[in-house]
Amino acid sequence: MAEGMSEEQELLKLRNEIDAIDDALLASMSRRGKLAQRVGEIKQGNIYRPEREAQVLRRLADENPGPLPSTAIQRIFRELMSACLALEQPLKVAYLGPAGTFSESASRKHFGSAPTFMPMLAIDDVFRSVEAGSVDYGVVPVENSTEGAIGRTLDLLLLNPLKICGEVKLRIHQHLMSKADGLGAARRVYSHAQSLAQCQEWLNRNLPSLPRVPVASNAEAARLAAEDPESVAIAGEAAAELYGLNILAGNIEDDPNNTTRFLVICQHDAGPSGKDKTSLVCSTPNRAGAMHRLLQPLAEHGVSMTKLQSRPARSGLWEYVYYIDFEGHQSEPKVVAALADLEHNASFVKVLGSYPVAAL
């Protein structure tokens with residue numbers, strides 16, 4: 001306590017200082033918005049630059065003096081950048097719906113709250129909307145840390161001309177929810193099949209006798225639970241809020257680190273941000289040593305591979321394509337050299353995109 005001050009006087013002084021800081025923040029945000037509008041007047045084409053946003057968020061995290069955690073700082077500035085971008089170029093973003101899904105949560109995590117978010121019935125519809133130009137960007141799930149790859153997304157990346165321009169990693173927290181205040185009347189559990197699998201051990205321990213009913217999405221499970229008082233649903237917090245359900249048990253996923261990775265797709269490439277990832281799909285003749293020759297260029301040029309995923313090819317029985325993620329942007333000299341050698345060794349190569357590593 002300041003010398004000679006009562007607690008009430010010190011509290012008033014602190015609140016006055018906070019008010020002054022808030023006024024300064026408001027003035028700075030308004031100034032930032034005006035600068036963003038001017039940028040939109042000068043620039044042509046795509047105003048949204050994922051590499052620029054990634055650089056800003058990383059710099060703020062690195063320079064954060066505390067006491068607010070860097071994740072909180074990044075979330076605050078993500079929303080500020082989202083609002084400013086809306087002044088320059090209002091965005092439309094498609095995601096795998098319906099509303100209240102983890103895909104919507106991932107979309108809002110990456111783009112903030114300002115865009116118009118449009119739920120789609122299927123992953124195919126997200127790709128189709130972006131390719132047709134009816135939306136600017138799409139967000140699709142590509143893999144889960146416990147359940148593995150999303151095959152349909154991988155297939156569409158191979159067949160579609162769209163680019164990957166970003167990634168989102170979302171920690172998946174599953175909640176048990178119902179219209180009721182308890183489990184006494186529960187007769188069934190609704191959820192997406194993948195979520196039921198992610199909560200299998202918890203369900204075996206706590207609700208072993210309730211039938212588990214798989215549905216199209218977690219949001220659909222929440223909708224059904226809202227209409228059926230004798231049911232419970234497993235879904236995310238956003239679905240509980242959307243359908244007015246009570247969360248009876250939180251974080252019931254078996255793996256506390258359960259995470260889903262989403263990709264942001266669009267019609268343009270992302271520039272280098274300084275900490276990037278490149279994704280590609282390729283194939284190789286089915287003969288001895290073929291995989292070694294396929295991957296050798298990455299090792300020879302010092303390019304670190306972060307993922308290798310095989311997927312059955314459409315061309316014939318027991319033939320495969322390989323999805324590879326590695327560190328670096330396709331414009332970097334060592335990546336350029338590695339890609340040139342890989343294309344020489346492979347029978348087919350398609351670069352899916354280079355994009356900033358998820359900042360949050």
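Here are some numbered notes for anyone opening this structure, a predicted model, for the first time.

1. **The whole protein.** Start with the overall view. The protein has twelve helices and 15 strands, and its C-alpha trace spans about 85 × 60 × 40 Å along the principal axes. Of its 360 residues, 44% count as buried. If you take the contacts with a separation of 6 or more, 76% of them come from residues 24 or more positions apart.

2. **Two helices side by side.** Next, have a look at H2 and H3. Two packed helices are described by the angle between their axes and the distance between the axes. Here the axes of H2 and helix H3 (residues 70-88) come within 9 Å and cross at roughly 145°. The crossing of H2 past H3 is right-handed.

3. **What sits between those helices.** On the H2 side you'll find Glu53, Val56, Leu57, Arg58, Leu60 and Ala61, which meet Ser70, Ile73, Gln74, Phe77, Arg78, Met81 and Leu85 of H3. Sorted by character, the residues of this contact of H2 with H3 come out as eight nonpolar, two polar and three charged.

4. **Aromatic pairs.** How many aromatic pairs does a search of the whole structure find? The search turns up three. One of them brings together Tyr48 and Tyr137: the ring centres are 5.1 Å apart and the planes stand at 80°, so this pair is edge-to-face. Tyr48 sits in the loop between helix H1 (7-42) and helix H2 (50-63), while Tyr137 belongs to strand E3 (residues 137-144), so the pair ties together parts that are 89 residues apart in sequence. Buried is the word for Tyr48, because its relative accessibility is 2%, and the cut-off for buried is under 20%. Tyr137 counts as buried too, at 2% relative accessibility.

5. **A second ring partner for Tyr137.** Phe111 and Tyr137 also form an aromatic pair, a tilted one, with 5.6 Å from centre to centre and 45° between the planes. Phe111 is in helix H4 and Tyr137 in strand E3, so this pair ties together parts that are 26 residues apart in sequence. Phe111 counts as buried at 5% relative accessibility. Put the two pairs together and you have a cluster in which ring pairs link Tyr48, Phe111 and Tyr137.

6. **Another residue of H4.** While you're at this helix, find Ser103, which lies in H4 (residues 102-111). Is Ser103 buried or exposed? Ser103 is buried, because its relative accessible area is 6% and anything under 20% goes into that class. Setting aside neighbours within four places in sequence, Ser103 is in contact with Tyr95, Leu96, Val139, Pro141 and Phe262.

7. **An enclosed strand.** Strand E9 (residues 231-235) deserves a look: five of its five residues are buried, so E9 is largely enclosed by the rest of the structure. In a regular strand the side chains alternate between the two faces of the sheet. In E9 both faces are covered, with Ser231, Ala233 and Ala235 buried on one side and Val232 and Ile234 buried on the other.

8. **The partners of E9.** E6 and E9 run antiparallel and are joined by three bridges. One position to check is His175, whose bridge partner in E9 is Ala235. E7 and E9, by contrast, run parallel, and three bridges join them as well. For that pairing, look for Tyr190, which stands opposite Ala233 in E9.

9. **Out in a loop.** Between strand E6 (175-178) and strand E7 (188-192) there is a loop, and Asp181 has its place there. Asp181 is exposed, because its relative accessible area is 71% and the cut-off is over 50%. Leaving aside neighbours within four places in sequence, Asp181 is in contact with Asn246 and Leu248. As for Lys13, it is 168 residues away from Asp181 in sequence and 44 Å away in space, C-alpha to C-alpha.

10. **A four-stranded sheet.** Finally, go to the open sheet of four strands, which has the order E13-E14-E12-E15 and antiparallel pairing. Which strands are at the edges? They are strand E13 (305-312) and strand E15 (348-356), each of which pairs on one side only. From one strand to the next, the twist averages 15°. Strand E12 (residues 276-283) and strand E14 (residues 320-327) pair in the antiparallel sense over six bridges. To line them up on screen, use Lys277, whose bridge partner in E14 is Glu327.

Note on methods. Residues numbered from 1 in each chain as written. Predicted model: local features only at pLDDT ≥ 70, side-chain atom pairs only at ≥ 80, totals over all residues. Heavy atoms only, no water. Helix = DSSP H or I, 4+ residues; strand = E, 2+ residues; numbered from the N terminus. Buried < 20%, exposed > 50% of the residue type's maximum accessible area, 1.4 Å probe, protein only. Contact = heavy atoms within 4.5 Å. Phe/Tyr/Trp six-rings, centres within 6.5 Å; stacked < 30°, edge-to-face > 60°. Axes fitted to C-alpha atoms, helices over the stretch in contact; angles between N-to-C directions. Left-handed = near helix turned anticlockwise from the far one by under 90°. Nonpolar A, V, L, I, M, F, W, Y, C, P; charged D, E, K, R; others polar. Pairing = 2+ DSSP bridges.
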